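Q: I'm new to this one, could you walk me through a few parts of it?

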Protein chains: 2
Amino acid sequence: MQEKEVTIYDLAERLNISATTVSRGLQDHPAINIKTKKRIFDLAAEMGYRSNKFASNLRRQKTNTIGVIVPRLNSLFMSSVLSGIERSVNNAGYNLIISQSFEKESKEKTNAKTMFNNRVDALIVSLSSDTADFSHFDPFLKKNIPIIFFDRTTEAMNSTTVVIDNFKAGYLATEHLITQGCREILHITGNIDRNVYADRLKGYKKALLDHQIDFREDLFISNDLSEGAMHDALIAHVIKRKQLPDGLFVTNDSAAAFALTILKGAGLRIPEDIAVVGFNNDLISRVTEPPITTINYPGNEMGERIARILIDHLDGDGNPDLNSQIVLNTDLIIRASSIRKKTYE
Amino acid sequence: MQEKEVTIYDLAERLNISATTVSRGLQDHPAINIKTKKRIFDLAAEMGYRSNKFASNLRRQKTNTIGVIVPRLNSLFMSSVLSGIERSVNNAGYNLIISQSFEKESKEKTNAKTMFNNRVDALIVSLSSDTADFSHFDPFLKKNIPIIFFDRTTEAMNSTTVVIDNFKAGYLATEHLITQGCREILHITGNIDRNVYADRLKGYKKALLDHQIDFREDLFISNDLSEGAMHDALIAHVIKRKQLPDGLFVTNDSAAAFALTILKGAGLRIPEDIAVVGFNNDLISRVTEPPITTINYPGNEMGERIARILIDHLDGDGNPDLNSQIVLNTDLIIRASSIRKKTYE
DNA sequence: TTGTAGGCGTTATCAC
DNA sequence: GTGATAACGCCTACAA
């Protein structure tokens, strides 16, 4: 039943030429006669030939495979990034192996090991929220396998990073709330060991400072942004208190949507009682009531940017340093969840 | 800079044994002396040896890689399925290559070809919405590479399929609306060439029939369930008419959320004017106002089921037929978007 | 423009 | 318990 695999030798034999010529023909080598090439391709199609990547990889010491490790795939942002990466990378003849760390350092380490053993030509990583140790990336560095970090990056390794201007984003979000009359702005965010959350926090603080508002520890919560965590945080730190904040800046749209739901459930009006700003411009931010003001996060652009850098590096002489810090622009998208002043544009 | 790759020969030389023994030791072959094994493992660790999968694959004619082609990754359902698949499959020593068809037959064909050339040991597919021709799967069949279809399946190929009971789900959703007093239930769904949508439609029709309600062509819309499509459909077919439907059954939660937003925007009250039921139990169905009644879709369970079938097949003698149709159970999750009768529990 | 030869790193087979 | 050898299918010097 199992058909025998066709090799270049089979083709060579049938065509009365050498396997070398077949190999070259298949690769469109310029030195091969066009007619010969045509005969090779025709026969290859006829016999159902498919090149054996292992043999080829084994010989060339290159896999044409790029590994991607992300915390999760289930956000619009992530799938946009991946979509962008995939498109560019496919066009350049590379394949993608994608894996999820589910926000766990341990899974990230396992994934990294797998990628390493699969001998990916390059690695693209967005760190899990609790990754504190980076030794699982050392083998890549030792073997000169390029790593690009995006979104959730680290300064602990000096690789190329692609990020948005999280400081600016945090600043814009906070300033917007201030402009809307908010003075007690609760900031709920992820693990601030991660650059994205740390930088957004800095932006938040700077905006407060610029508007003569003191930063208050009791208006800052760091958790995992899950539904349960949002619930606990809001019930304990907000709803049970007498004095409510008048603004809320959450660094992820799903979490912002949870928050919205929870607050409304507690009888609060959005944006009148509390104005809300999210982050990412995920689909979910558009279907809540009211829709959520958020930060646009250009996933596709980021993905394509990452892919281009990597491909230029891999297909080039491999020399140019892979140490650049690329910062993409971002904007605030204003929706009803935060508009409290009619006069505001 | 680039360190030389360590091979079993290097280990063999240093240990004064043969490469064969090293290979066996690394694989924990029972015939090898425990002490020898220990020496091998220790040295391997010390020298930073990693096995070369290509050489191994080349030799064994097996890749330990499973390909997955899905329409999109950005739904909770899909990531649950993948998560389930990944967990089981990883434990069994397999890797996953994941790719998205973005609902296009052409991309699906390209992806399939890539998977084929990567010599995946098996393929897991959820069809793109517009796939009408299945010839891209022929090469797999010819080579006896198992294919499992899940969710979006086809009867055109008799492979194993894993689905939920879409008929029952459609029936439950529709009957629920009827129980809530709805009589003119609009059904908006995807391409009914796809089993999932076809079966849900059958369930919808049967529920109507069982309650002496005539099926009306003008209350049935098939589109791509995108935001734009929902907008067009609802504006043209619903809002501009004098007579409104009193129920809406949309076969995907994002689309249901869009619908909810659009209808509310047109001044309609949910569920009083129109009761809404979605599908999938995605996150998004819980954060709209009101939250959306939906069908629970057990993604994780489905993923694990798929993985188990495949692994049993691959690691077994490969004999057992891969032709079973597996149907998982499902439920209706009732939320405020459809509750119109106080008496209803 | 085409061919020869050798090796990429592993594992199956057979032998000891 | 261990080893020698060949083969998996391809690609790249070098040769012609």
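A: Since this is a predicted model, what follows describes that prediction, and a good place to begin is chain B, where strand S6 and strand S7 (residues 220–222) pair in the parallel sense over 3 bridges.

Q: Which residue is the bridge partner of B:His187 in S7(B)?
A: The partner of B:His187 in that strand is B:Phe220.

Q: And what about S8 of chain B, how many bridges join it to S6(B)?
A: There are 4 bridges between S6(B) and strand S8, which covers residues 247–250 of chain B, and these two strands run parallel. Within this pairing, B:Ile188 stands opposite B:Val250.

Q: What do S6(B) and S7(B) make with helix H9?
A: Together with helix H9 (residues 195–210) of chain B, the two strands make a β-α-β unit, and that unit is right-handed.

Q: Back to S6(B) for a second, how many of its residues are buried?
A: Strand S6 of chain B spans residues 185–189, and 5 of its 5 residues are buried, so that the strand is mostly covered by the cut-off used here, under 20% relative accessible area. Both of its faces are covered, with B:Ile185, B:His187 and B:Thr189 buried on one side and B:Leu186 and B:Ile188 buried on the other.

Q: OK, new topic: the two chains. How many residues does each chain bring to the contact?
A: Chain B contributes 51 residues to the contact and chain A contributes 52 residues. Three residues of chain B, namely B:Arg50, B:Phe54 and B:Arg119, supply 17% of the area that chain B buries against chain A, more than any other three residues.

Q: What area do they bury between them?
A: The size of an interface is often given as the accessible area lost when the parts come together. For chain B and chain A the buried area is about 4900 Å², and 52% of it lies on carbon and sulfur atoms.

Q: How many salt bridges are there between the chains?
A: The count is 8 salt bridges between chain B and chain A. One of them is formed by A:Glu86 with B:Lys107, whose closest N and O atoms are 2.9 Å apart. As for polar contacts, 14 residue pairs are counted between the chains, with both residues at pLDDT 80 or more.

Q: Which elements of chain B supply residues to the side that touches chain A?
A: Several elements of chain B each supply at least two residues to that side, including helix H4 (53–60), helix H5 (76–91), strand S2 (95–100) and helix H6 (105–117). Helix H11 (253–265) and helix H12 (284–287) are also among them.

Q: Switching again, what about the backbone: which peptide bonds are cis?
A: Most residues other than glycine have a negative phi, and most peptide bonds are trans. In chain A, a cis peptide bond joins A:Ile270 and A:Pro271, with omega about 5°, and A:Pro271 is in the loop between helix H11 and strand S9 (275–277). In chain B, the bond from B:Ile270 to B:Pro271 is cis with omega near 5°, and B:Pro271 is found in the loop between H11 and S9 of chain B.

Q: And where does A:Gln61 lie?
A: A:Gln61 lies in the loop between helix H4 and strand S1 (65–70) of chain A, and its phi is near 60°, a positive value in a residue other than glycine.

Q: Is B:Gln212 buried or exposed?
A: B:Gln212 counts as exposed because its relative accessibility is 70%. This residue is found in the loop between H9 and S7 of chain B, and has a positive phi of about 55° although it is not a glycine.

Technical notes:
Residues numbered from 1 in each chain as written. Chains lettered and ligands numbered in written order. Predicted model: local features only at pLDDT ≥ 70, side-chain atom pairs only at ≥ 80, totals over all residues. Heavy atoms only, no water. Buried < 20%, exposed > 50% of the residue type's maximum accessible area, 1.4 Å probe, protein only. Pairing = 2+ DSSP bridges. Right-handed = clockwise from strand over helix to strand, strands pointing away. Contact = heavy atoms within 4.5 Å. Buried area = accessible area lost by both parts, 1.4 Å probe. Salt bridge = Lys/Arg side-chain N within 4 Å of Asp/Glu carboxyl O. Polar contact = N/O pair within 3.5 Å; in protein donor to acceptor, adjacent residues only side chain to side chain.
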